[in-house]
Amino acid sequence: MKTQKIEFNILSNNPLVRKTLKTICASAMLAAALVSCEMADDVDVVDIDVPLEISGEELVESILDRREDAQQTFVIDASSWEVIIGDQGTNVVFGANSLEFENGDPVTGDVDVTLIEIYNKADMVLSKLPTNGMNENGDVETILSAGEFHINATQNGEQLKLNAPYQIFAPNDTFDPEMTIFTPIDDCIEIDCDVVWEEEEDGELFQGEGMGIDGTPATGYTAFTDNFGWTNLDRWGSYTGPKTIVYADVPEGYNADNSAVYISYDGETGLALLDIYVEDDQLFSEHYGQMPIGKEVHFIFISVQNGSYVYAIQAAIIGDDHIEVITTTQTATEAELFALIDALP
């Protein structure tokens, strides 16, 4: 643990005073994190290592708030063929009578459908939804996303399930045939999951058409899924060169409890979360050394303290056994940080 050193000047020839002052200074240290207790003349110096305590509560709250604020709610008729269109153009299509209760009874009447749609790296960072994918070997590497979604349906607060797949349409000007469907490695309907993605064995994407937010036809990806919760349209990276493990050394007092470090792949929709914290070395890292050497990236460090984002954004080219040292941070509002990340290549 990173620490700061505090000096306590203790009167050397009075055991009672020494004990009392130690108690007073220790209490003040816990309350204020920096105290100097001084007595003139005959003194000894006692050095105590004090952990730097930086709260992680605001960061956790900001992530959940971001996800909750992104939720859009629609009302559909369970007995009809229904289409909902999100603010960013996502279409979700339900067939008639495709919903049922957990006990298998058919659903009739109005149903509440919620949608979160995420298409850019700024939203991924602020919502803590990176594109970390687990491959068939169990290794975690960065995948490239064409859209992340959370979709759910309830009636009067009761969770519903599907008896037929629903359709997701994600608008996109291009079509990559390597794209497919990814879902969390752990079943998760709630919005507050920490997600690592895995490829669906039978997942398949098609080039299709949907309805744009302005009412005109749009082209993009079409997928069918029979799961509520999180879904990601992705493909594996095609990096054939050597790969390496990557570390990030962050400013004093920060760790995995109060901050996060991401790597944004320049020119691609890949966003890696360094989700390992090496306590002994006080470094952020990733699992399996899957970062491509020579890749141009930006490291993004974030925390939230006293109502503001604390951040650093640094350009880098990944080298062998790369260690990125982050020494300088700045503060920004959520909107300012979103703009900065959104402007990255």
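Two strands count as paired if DSSP finds at least two bridges between them, and helices (H or I, at least four residues) and strands (E, at least two) are DSSP runs numbered from the N terminus. The views below come from a predicted model, in which local features need pLDDT of at least 70, side-chain atom pairs count only at pLDDT 80 or more, and totals for chains, interfaces and linings use all residues. Residues are numbered from 1 along each chain as its sequence is written, and side-chain values use heavy atoms, with hydrogens and water left out.

**View A. Strand 18 runs parallel to strand 26.** Four bridges join strand 18 (residues 246-249) to strand 26. Look for V246, whose bridge partner in strand 26 is H322. Within strand 26 (residues 322-325), H322 and E324 point to one face and are buried, while I323 and V325 point to the other and are not. Buried here means under 20% relative accessible area, with exposed over 50% and partly exposed in between (1.4 Å probe, protein chains only). In a regular strand the side chains alternate between the two faces of the sheet.

**View B. I341 sits in the largest nonpolar core.** Such a core is a set of buried Ala, Val, Leu, Ile, Met, Phe, Trp, Tyr and Cys residues joined through side-chain atoms within 4.5 Å. This one has 30 residues, and those touching the most other members are V125, W230, Y262, I300, I302, L337 and I341. Helix 3 gives the most, with four residues. Leaving aside neighbours within four places in sequence, I341 is in contact (heavy atoms within 4.5 Å) with K121, A122, V125, I300 and I313.

**View C. E82 is buried without a salt bridge.** A salt bridge would need a side-chain nitrogen of Lys or Arg within 4 Å of a carboxyl oxygen of Asp or Glu. For E82, in strand 4 (residues 82-85), the nearest side chain of opposite charge is K161, 22 Å away. Not counting residues up to four places away in sequence, E82 touches I76, D77, V92, V93 and F94.

**View D. Y166 and F228 form a stacked aromatic pair.** Rings of Phe, Tyr and Trp (its six-membered ring) pair if their centres lie within 6.5 Å; planes under 30 degrees apart count as stacked, over 60 as edge-to-face and the rest as tilted. Here the centres are 5.7 Å apart and the planes at 20°. Y166 has a relative accessible area of 0%, and F228 is buried at 11%. Ring pairs link both of these residues with F94 into a cluster.

Technical notes
Lys, Arg positive; Asp, Glu negative; His and termini not counted.
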